[in-house]
Amino acid sequence: MVLSKTASESDVSVHSTFASRYVRTSLPRFEMPENSIPKEAAYQIINDELMLDGNPRLNLASFVTTWMEPECDKLMMESINKNYVDMDEYPVTTELQNRCVNMIARLFNAPLGDGEAAVGVGTVGSSEAIMLAGLAFKRQWQNKRKAQGLPYDKPNIVTGANVQVCWEKFARYFEVELKEVKLREGYYVMDPEKAVEMVDENTICVAAILGSTLTGEFEDVKLLNDLLVEKNKETGWDTGIHVDAASGGFIAPFLYPELEWDFRLPLVKSINVSGHKYGLVYAGIGWVVWRTKSDLPDELIFHINYLGADQPTFTLNFSKGSSQVIAQYYQLIRLGFEGYRNVMDNCRENMMVLRQGLEKTGRFNIVSKEDGVPLVAFSLKDSSRHDEFEVAETLRRFGWIVPAYTMPADAQHVTVLRVVIREDFSRTLAERLVADFEKVLHELDTLPARVQAKMANGNANGVKKTEEETTREVTAYWKKFVEAKKSNKNRIC
């Protein structure tokens, strides 16, 4: 006997999704529902909430790729069910990863002979890549200190205060002291001379940034290398350099081919780059390459055979999707050197359009340089009535997501706005953004200076504050305001 179940009226009404009981009634948010729901209803419920996210194309805070060609999207979906770590089961995917590593290493001028394989690996973004590079430096340093009979329990790494938070994570997670070169107003990258002064016998490496998150500026890796060569000669140390090229690694070879920052410099031992930034792949892919095999200690490489064959692995993650690796290979062969150069040229041209448009308003000081990552960092010339945080908050009404932030130590009193120019940010959008900035500034000019008035009312003792003190208080107020809004949004979600 065939058992059948007659659909209830409410079940049938899912074909008119918004009339169904599944969409009309809220589901529990923090526990699994007791019963199943139709796939159409599940899709609609989730899709409706996601509509409240910002538009990725208008997210000018992010360096991460938000558009790829449909053919690459198709490739990614066709490989989304492949586990990258199963090298024996998916040997072609492994081969594509190895091709990417070799292409990138040669792009960075690794000293490879004909037919010699490069040393590197695909990672989950530059954060994992930096962890792996840092571990290699730490183990190399420890091994040498042990062989010399010297203490090896207090490693440190020298960086600028402008490094991305993943460096702080590396230092804290793997117990390495982070020695930061402080910034100063007008100079927002690591000073090579000060960095080398901070190097001591416990320094595992100096980390240079090719494309600062704050201003897009390239640090002077060539000068750092030359100064460090001299210090190594004087001390007998062999302190090396890691280049964090997360943002600039796919820019410098195409826009600034004569710039020496990579393996052309003898002390550069490893480089990381984000495939999901100017490598033009969706979020989730990074790369780290080493100068030579000797720069990656053998004891950090694991060998497994329970997936069908002996497989060497050096990653913090194990299982991960193959899609981003395949997408990176697509971009490298699809665009080639010419294509990447054209994309980066276009990004830089659109950056100049935006930069010049903002300058013409007469309201902003441009903080970023013309050379480097194609972005514009800028601050208000007059923040006595309204500051950068208020501009960023008001601009969201037009759909734009533009971050406002303060600089690290010792330039905390400087506040900037930043717009990152990606491949999908067209000249039309750049012109529209300038127009919207002008609308926002005009609107704010017609409003009372609410924050300053509040500050003045709270100054009961009648002592007049300096302009710098007022700026610091206003900045702190808006940071607290923005963080509170984010916190409330997270609680609601």
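A residue is called buried when its relative accessible area is under 20%, exposed when it is over 50%, and partly exposed in between, using a 1.4 Å probe and protein chains only. Keep that in mind as we walk through the model.

**Before you start**

This is a predicted model, in which local features need pLDDT of at least 70 and side-chain atom pairs count only at pLDDT 80 or more, while totals for chains, interfaces and linings use all residues. Residues are numbered from 1 along each chain as its sequence is written, and side-chain values use heavy atoms, with hydrogens and water left out.

**Stop 1: the whole chain**

Show everything as a cartoon. You should find 15 helices and 13 strands; helices (H or I, at least four residues) and strands (E, at least two) are DSSP runs, numbered from the N terminus. The protein has 493 residues, and 48% of them count as buried. Now switch on the surface: its accessible area is about 25,100 Å², with 52% belonging to carbon and sulfur atoms. Such areas come from the Shrake-Rupley method with a 1.4 Å probe, and for residues only the protein chains shown count as cover.

How do the contacts spread along the sequence? Among those between residues at least 6 apart, 69% join residues at least 24 apart. A contact here means heavy atoms within 4.5 Å.

**Stop 2: the seven-stranded sheet**

Next, colour the open sheet of 7 strands, which runs in the order β1-β7-β6-β5-β4-β2-β3 with mixed pairing. Two strands pair if DSSP finds at least two bridges between them. Which strands lie at the edges? Select 119-123 for β1 and 177-181 for β3; each of these pairs on one side only. From one strand to the next, the twist averages 20°.

Zoom in on residues 286-290, strand β7, which joins β1 in the antiparallel sense over 5 bridges. Here you can spot T123 standing opposite G286. Then add helix α6, residues 125-147: it packs on the sheet and touches β1, β4 (203-209), β5 (240-244), β6 (268-274) and β7, with its direction at about 25° to that of β7. For such angles, axes are lines fitted to C-alpha atoms, for helices over the stretch in contact, and the values run from 0 to 180 degrees between N-to-C directions.

While α6 is still selected, pick out R145, which belongs to this helix. Is R145 buried or exposed? Its relative accessibility is 6%, so R145 counts as buried. Leaving aside neighbours within four places in sequence, R145 is in contact with L150, P151, Y152, E201 and N202.

**Stop 3: the four-stranded sheet**

Move on to the open sheet of 4 strands, ordered β10-β11-β13-β12, where the pairing is antiparallel. Its edge strands are β10 (364-366) and β12 (404-406), each pairing on one side only. The twist in this sheet averages 40° from one strand to the next.

Select 375-380 to see β11, which pairs with β10 over 3 bridges in the antiparallel sense. Along that pairing, I366 stands opposite F378. On its other pairing, β11 meets β13 in the antiparallel sense over 4 bridges, and L375 has V420 as its bridge partner in β13. How many residues of β11 are buried? The count is 6 of its 6, so to speak a mostly covered strand.

Two helices are worth adding. Helix α11 (residues 323-361) lies across β10, β11 and β13 (415-420), running at about 15° to β11. Helix α12 (residues 388-395) packs on the sheet and touches β11, β12 and β13, at about 35° to the direction of β13.

**Stop 4: a helix pair**

Keep α11 and show α4, residues 70-78: the two axes come within 8 Å and cross at roughly 150°. The two helices are therefore roughly antiparallel to each other, a label for angles over 145 degrees. At the meeting place, E71, C72, L75 and M76 of α4 touch S323, Q324, I326, A327 and Y330 of α11.

**Stop 5: unusual backbone spots**

Most residues other than glycine have a negative phi, and most peptide bonds are trans. Now select A409 and D410, which are joined by a cis peptide bond with omega of about 0°. D410 sits in the loop between β12 and β13.

Finish with E175, in the loop between α7 (165-173) and β3. E175 has a positive phi of about 55° although it is not a glycine, and at 66% relative accessibility it counts as exposed.

Technical notes. Parallel < 35°, antiparallel > 145°, perpendicular 65-115°, else oblique.
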